[in-house]
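Okay, thanks for coming, everyone. I'll put the sequence and the structure up, and then we'll walk through them together.

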Amino acid sequence: MKKKLYVVLAGITVCASLAACGGSSDTTTSAPTPDAPAASEAVTEAAPAAASVTIASTETWGDFTVGVPEGWKFRKGDSLDETDTHYCSVKKSDFSYFDFKMEKEEIYKQKYDQNKATYTNEQVDVSGKFGDIDWTGFQYSDGWGGYGFELYATANGKPVRVSCAGFKFDSPETKAVLESLKIK
């Protein structure tokens with residue numbers, strides 16, 4: 001019984017503490033300072049300049065040769081088999097990356113279709129040429145301001161699929177990485 005009472009009292013204390021932090025009942029207003037805009041003025045910020053992406057190194061794994069931007073990492077294989085030369089990744093972080101896959105055409109079509117049915121938030125079809133490769137695919141939003149895309153192409157007679165998280169199809173990062181990609 002004492003445990004239940006302590007739990008209830010602790011809950012009430014937490015709720016009361018949170019309610020006290022919620023706001024002030026002070027109804028006085030202060031005049032805007034010379035540096036602060038008046039309430040009726042709109043505050044606008046300049047759009048950030050397009051980020052410049054510098055390729056720091058070029059890595060080759062299997063039939064892939066790809067540029068790795070400064071501060072990023074190159075990963076060979078996939079998470080299940082680090083020796084598989086049909087997979088590699090260029091990673092800015094665990095949530096921002098480009099995964100390159102060389103799969104049989106029926107496999108990449110199946111996985112592409114599955115991902116297109118899964119990632120439907122703000123989905124738009126995209127296509128474009130980066131380097132020597134013509135890409136087709138779709139871009140999507142994660143719903144929290146982030147983007148990703150799924151692309152496929154045939155390069156030197158080999159089917160290639162790219163899964164990207166953290167970047168838009170037309171971002172400077174996408175341009176730098178995909179333009180550096182070469183398939184043997």
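I'll go through the two sheets, then the helix that touches both, then the aromatic rings and the cysteines.

One thing up front: this is a predicted model.

Let's begin with the seven-stranded sheet. This sheet is open, its strands run in the order 3-4-5-9-8-7-6, and the pairing is antiparallel. So which strands sit at the edges? Those are strand 3, residues 73–76, and strand 6, residues 124–130, and each of them pairs on one side only. Going from one strand to the next, the twist averages 20°.

If you want a spot to zoom in on, try strand 6 and strand 7. Strand 7 covers residues 133–141, and the two strands pair in the antiparallel sense over seven bridges. Within that pairing, Ser127 stands opposite Thr136 in strand 7.

Now bring in helix 3. On this sheet, helix 3 packs against strand 4 (87–93), strand 5 (96–102), strand 6, strand 7, strand 8 (147–155) and strand 9 (158–165), touching each of them. Its direction makes about 30° with that of strand 5.

Okay, the other sheet. Here we have three strands in an open sheet, ordered 1-2-10, again with antiparallel pairing. The edges are strand 1 (55–61) and strand 10 (182–183), each pairing on one side only. Strand 2, which is residues 64–69, pairs with strand 10 over two bridges, in the antiparallel sense. Phe64 has Ile183 in strand 10 as its bridge partner.

And what packs on this sheet? Helix 3 again, residues 172–180, touching strand 1, strand 2 and strand 10. This time, the helix direction makes about 150° with that of strand 2. So if you're looking for one element that touches strands of both sheets, it's helix 3.

Next, the rings. A search of the whole structure turns up twelve aromatic pairs. One of them is Tyr112 with Phe138, edge-to-face, at 5.4 Å centre to centre and with 65° between the planes. Tyr112 is in helix 2 (residues 105–118) and Phe138 is in strand 7, so this pair ties together parts that are 26 residues apart in sequence. Are these two rings' residues buried or exposed? Tyr112 is buried, at 8% relative accessible area, and Phe138 is buried as well, at 0%.

Tyr112 has another partner, Tyr152. The ring centres are 4.9 Å apart and the planes are at 75°, so that pair is edge-to-face too. Tyr152 is in strand 8, so here helix 2 gets tied to a part that is 40 residues away in sequence. Tyr152 itself counts as partly exposed, at 27% relative accessibility.

There's also a cluster worth clicking through: Trp72, Phe98, Phe130, Phe149, Phe167 and Phe169 are linked by ring pairs.

A couple of lysines get in on this as well. The charged end of Lys91 sits over the ring of Tyr97, 5.6 Å from its centre. Lys168 lies over the face of Tyr147, at 4.5 Å from the ring centre.

Last item, the cysteines. How many disulfides are there? With a cut-off of 2.5 Å between the sulfur atoms, the count is zero. As for where the cysteines sit, Cys88 is buried, with a relative accessible area of 1%, and Cys164 is buried too, at 2%.

Methods. Residues are numbered from 1 along each chain as its sequence is written. This is a predicted model: local features need pLDDT of at least 70, side-chain atom pairs count only at pLDDT 80 or more; totals for chains, interfaces and linings use all residues. Side-chain values use heavy atoms; hydrogens and water are left out. Two strands pair if DSSP finds at least two bridges between them. Helices (H or I, at least four residues) and strands (E, at least two) are DSSP runs, numbered from the N terminus. Contact means heavy atoms within 4.5 Å. Axes are lines fitted to C-alpha atoms, for helices over the stretch in contact, and angles run from 0 to 180 degrees between N-to-C directions. Buried means under 20% relative accessible area, exposed over 50%, partly exposed in between (1.4 Å probe, protein chains only). Rings of Phe, Tyr and Trp (its six-membered ring) pair if their centres lie within 6.5 Å; planes under 30 degrees apart count as stacked, over 60 as edge-to-face and the rest as tilted. A charge sits over a ring if NZ of Lys or CZ of Arg is within 6 Å of the ring centre and within 35 degrees of the ring normal.
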